[in-house]
Amino acid sequence: MTSIVFRRVLSTIPVMGVVALFVFSLLYIAPGDPAAVIAGDQASPEDVERIRQGLGLDRPYLVRFFEWLLQILRGDLGVSIFTNLPVTTMIAQRVEPTLSLMIVTLIIAVGVAVPMGVVAAWKADTWIDRSAMGFAVFGFSTPVFVVGYLIAYLFALKLGWFPVQGYVPIARGVGPWLHSLILPSVTLALVYIALIARITRAAMLDVLSQDYIRTAKAKGVGQRQILFVHGLKNAAVPIVTVIGIGVALLIGGAVVTESVFAIPGLGRLIVDAILRRDYPVIQGVVLLFSFVYVLVNLGVDLVYTFVDPRIRY
Amino acid sequence: MALLEVDRLQTHFRTPDGVNRAVDGVSFSIEKGETLAVVGESGCGKSVTAMSIMRLIAEPPGKSAGEIRFEGRDLLKLSEKEMKKIRGDDISMIFQEPMTSLNPVLKVGRQIGESLRLHQGLDRGQAEDKAVEMLQLVGIPEPKRRAGEYPHQLSGGMRQRVMIAMALACSPKLLIADEPTTALDVTIQAQILDLMRDLKDRVGAAILIITHDLGVVAEVADRVVVMYAGRKVEEAPVRDLFAKPRHPYTRGLLGAVPKLGSSLEGKTEKLAEIPGIVPSLKTKIEGCVFAGRCPEAEDVCREFAPALEEKAPRHVAACHFSPREQEAAA
C-alpha cells in the first residue's frame with residue numbers, strides 16, 4: 001500500500017511540471033504588457049523598459065521559467081505587482097473561506113446526490129426517478145449566478161433566514177460560520193448534485209441488474225442493505241470518479257459564487273488579479289488550484305483500491 | 001403433506017408486444033429430502049418457475065398466479081417481509097453463473113456469514129466462524145484464509161462451492177439449484193454434484209434442480225418434471241422416464257444426447273435433433289404445445305390440448321398418442 005501511494009505521488013510530478021509550464025506561459029499568451037500596466041498611462045517608453053528589466057521580463061523564456069520553478073520549489077510564489085505583498089501571504093489570507101466553501105459544498109452535494117441517485121435507480125421509471133432526474137437536468141443547466149441570486153433573494157431577503165452576503169471565519173464559532181456558508185454552498189452544490197446524482201443512478205441501474213444482487217435477494221437481504229451495501233459499493237468507482245472530476249467544477253463555481261455572495265476567498269482574489277494583470281498572483285492561484293485538482297484525483301485513484309478489491313496498481 | 005406444492009402456477013410477463021406466458025399452469029410437488037429435477041430447453045420456463053417459488057420475479061412486469069404451498073403456507077400470499085425470512089433460511093438458491101453470482105467487492109466469508117446474521121442472529125464474529133466452517137464443509141482447502149478473500153481470487157469451481165456453502169449455511173429445507181453445473185468444467189461438474197448430494201443428506205434438504213443436462217438428471221434426481229413452452233408435459237420417477245419416456249418431446253430430448261464414443265465405433269449416424277424452435281409464448285397456443293415440432297402430430301393434436309394423464313403408476317404425460325398402461329413400467 002505504501003509503495004502504491006509513493007508511486008502514484010511520483011507520477012504526479014511530471015503532471016505538475018506541465019501545469020507549471022502552462023501557468024508560466026500564461027504571461028506570454030495573455031494579451032497586455034505587465035510592465036506597461038504597472039508603469040501606467042503616463043509612462044515614457046524608457047520607464048516601461050526599466051520596469052521590464054526590473055521584473056526580469058527581458059531575459060530568455062526558458063531561463064526565466066527555470067528560475068521561476070526553482071523559486072516555487074523553495075515555496076516562494078513571488079511578489080504581487082499590485083500590492084507588493086508576497087503571493088503566498090495573499091493566498092494564505094484567502095484560503096480559509098474558499099476551502100470552507102468547497103468542503104461544505106462537497107458534503108452537501110455528496111450527502112444529497114448519492115442517496116438521490118440510488119433511490120432514482122431503485123425506483124427507475126417511476127415518478128420519483130423522473131422528478132429526481134428532472135431536478136438534475138434543471139440543476140445542471142441553470143448557471144450558478146442565477147441560482148445564487150434567486151436563492152439569496154428568497155432565503156435571505158424575503159425570508160431572512162440567512163445573511164445575504166459575507167463570510168464569518170470559523171474562529172468566530174462553527175455555528176455562525178456554517179450559517180454564513182449555507183446559501184453559497186447550496187448554490188454551488190446544485191450543479192455538482194446534478195452531476196453526481198445522474199452518474200450514481202446510471203451506475204446503480206447497471207449494478208442492480210447484476211447476478212449478485214439476485215443472489216443477495218435470494219439470501220433474504222433487505223432492500224436497504226441491497227441498495228447501500230451490495231449495490232453502492234459496486235457502483236462506487238464511477239461515483240468516486242465523478243466526484244473527483246467535479247472538483248474542477250467546484251473551483252470554477254467557487255469563483256462565481258464568491259463574487260455573488262461577496263466571500264473574500266481565492267476566487268475573488270484571482271478575479272481581482274486578472275482585472276489588474278497581477279501576473280504573480282494569477283500564476284500562484286492557478287498553480288494552487290491545479291495542484292489541488294491533481295491531488296484530489298490522486299486521492300480518487302487511491303480510493304479505488306479501497307472500494308474495489310480487483311483494482312491494484 | 002409434501003414439503004413444496006406448486007399448484008397451477010402461472011407466471012406471465014407483460015411486454016410491449018403482448019403477454020409472455022413464461023409459465024402457464026404448472027403443478028408439481030416435492031417431498032422432504034427428495035430431489036426433483038426440472039428439465040427442458042432454454043426458454044421453457046424452468047428458471048422462471050424457480051424464481052417464482054423464491055418470489056424473485058420483478059413485479060411488474062411479471063405476475064405469478066396459482067398457489068405455491070411451502071409447508072402448507074401459500075408463498076404467493078405472504079408479505080414481502082415474511083418472504084424475506086424464508087429466503088436464504090427455509091428455501092435457498094444456487095445459480096448458474098458462479099462467476100457473476102458472488103458480489104465482487106465483499107469478502108467471501110462475509111457473504112456466507114450474511115445469511116447467518118440475518119436469519120440466525122449471529123454476531124459478526126460468530127458468523128465469520130460459521131462461514132469458515134461451511135467453507136471447510138464444501139471442501140475448500142485453507143478455509144480460514146479463503147474466507148478473507150474476494151470472489152475474483154477463487155476459481156469457478158471454488159466459487160460454486162462458496163455458493164453452495166452460502167445456500168446451505170442456514171440448513172434450508174429446500175435448495176433450489178438453477179443449472180448449478182452448466183458453467184463449470186466437466187470434471188468440476190461431477191465434484192459439485194457429488195458435493196450437493198452429500199450435503200443434502202447431511203442437512204436433510206430437498207433439492208429442486210433445474211437443468212437441461214440429462215446426464216445431471218440421471219446422476220442426482222429421484223423424480224423428473226419435463227417442461228415445454230411453459231407447461232409440464234411429463235413427470236415420472238427418473239428410472240421410468242429414462243426407460244420409457246411417454247412424451248415425444250422427452251424422447252426427442254433423450255435422443256439428442258450424444259453417446260460417448262459412438263463415432264469411434266464407426267457409427268457416424270447423425271445426432272437426433274428436435275426440428276424447429278420453442279414456439280413464441282406470447283400467443284395462446286391451441287392444441288398441444290409441442291404439436292408444431294412433433295414427428296407424431298396429427299390433426300387432433302393441433303386442435304385439442306392433451307390433458308396430463310397417468311399413463312403408468314406415478315408416470316404422467318400430456319400426449320394423445322401415448323397409451324395408458326396398467327402394469328408398472330420397468
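This report walks through a predicted model of two chains, A and B.

## Confidence in chain A

Let's begin with how far chain A can be trusted. Its average pLDDT is 86, and 98% of its residues score at least 70. Element by element, helix α5 of chain A (residues 87-122) has the highest mean, 92. At the other end, helix α2 of chain A (residues 34-39) has the lowest mean pLDDT among the elements of this chain, 71. As a rule of thumb, predicted coordinates should not be read in detail where pLDDT is low.

## Chain A: a helical chain

Which kinds of secondary structure make up chain A, and how many of each? The count is twelve helices and zero strands. Measured out along its principal axes, the C-alpha trace of chain A spans about 85 × 55 × 35 Å.

The UniProt record, an unreviewed entry, lists "transmembrane region" for residues 12-30, 99-122, 134-157, 177-197, 235-261 and 281-307 of chain A. Two of these spans are easy to check against the model. Residues 99-122 of chain A are 100% helix and 0% strand, with 34 Å between the end C-alpha atoms. Residues 177-197 of chain A are likewise 100% helix and 0% strand, and here the end C-alpha atoms lie 27 Å apart.

## Two domains in chain A

The domain assignment divides chain A into domain 1, residues 2-73, and domain 2, residues 90-307. Their centres, taken over C-alpha atoms, are separated by 32 Å.

The two domains do touch: 16 residues of domain 1 of chain A are in contact with 13 residues of domain 2 of chain A. On the domain 1 side, the elements giving two or more residues are α1 (2-29) and α2 of chain A. Helix α1(A) provides the largest share of that side, 13 residues. By class, the domain 1 side has 13 nonpolar, two polar and one charged residues.

## Where chain A meets chain B

Between the chains, 19 residues of chain A are in contact with 24 residues of chain B. On the chain A side, two or more residues come from each of α9 (211-218) and α10 (223-260) of chain A. Helix α9(A) gives the largest share, seven residues.

What is the chemical make-up of the side of chain A that touches chain B? Its residues divide into six nonpolar, six polar and seven charged.

## The eight-stranded sheet of chain B

For chain B, UniProt lists "domain: ABC transporter" over residues 7-254, again from an unreviewed entry. In the model this stretch of chain B is 41% helix and 27% strand, and its end C-alpha atoms are 27 Å apart.

Chain B contains an open sheet of eight strands with mixed pairing, in the order β6-β7-β8-β3-β9-β10-β12-β11. Why do β6 (91-94) and β11 (309-312) of chain B each have one side without a neighbour in the sheet? Both stand at the edges with a single partner strand each, so one side of each is left free of a neighbour in the sheet. From one strand to the next, the twist averages 25 degrees.

At one of these edges, β11(B) pairs with strand β12 of chain B (residues 315-317) in the antiparallel sense over three bridges. Within β12(B), B:H315 stands opposite B:A312. Elsewhere, helix α11 of chain B (residues 248-255) lies across β3 (35-39), β9 (223-228) and β10 (231-237) of chain B, and runs at about 105 degrees to β9(B).

## Strands β1, β2, β4 and β5 of chain B

Strand β1 of chain B (residues 4-15) is a good place to start here. Ten bridges join β1(B) to the antiparallel strand β2 of chain B (residues 18-30), and these two strands form a hairpin with two residues between them. Strand β1(B) also runs antiparallel to strand β4 of chain B (residues 62-70), joined by eight bridges. B:V6 has a partner in each of these strands: B:F28 in β2(B) and B:I68 in β4(B). Another opposing pair is B:Q10 with B:A65 in β4(B).

Strand β4(B) then pairs with strand β5 of chain B (residues 73-74), antiparallel and over two bridges. B:F70 stands opposite B:R73 in β5(B). These two strands make a hairpin with two residues between them, and B:E71 in the turn has a positive phi of about 50 degrees.

Key:
Residues numbered from 1 in each chain as written. Chains lettered and ligands numbered in written order. Predicted model: local features only at pLDDT ≥ 70, side-chain atom pairs only at ≥ 80, totals over all residues. Contact = placed C-beta atoms within 7 Å. Helix = DSSP H or I, 4+ residues; strand = E, 2+ residues; numbered from the N terminus. Nonpolar A, V, L, I, M, F, W, Y, C, P; charged D, E, K, R; others polar. pLDDT = per-residue confidence, 0-100. Domains from an automatic or database assignment. UniProt positions renumbered as here; feature names shortened; annotations may be inferred. Pairing = 2+ DSSP bridges. Axes fitted to C-alpha atoms, helices over the stretch in contact; angles between N-to-C directions.
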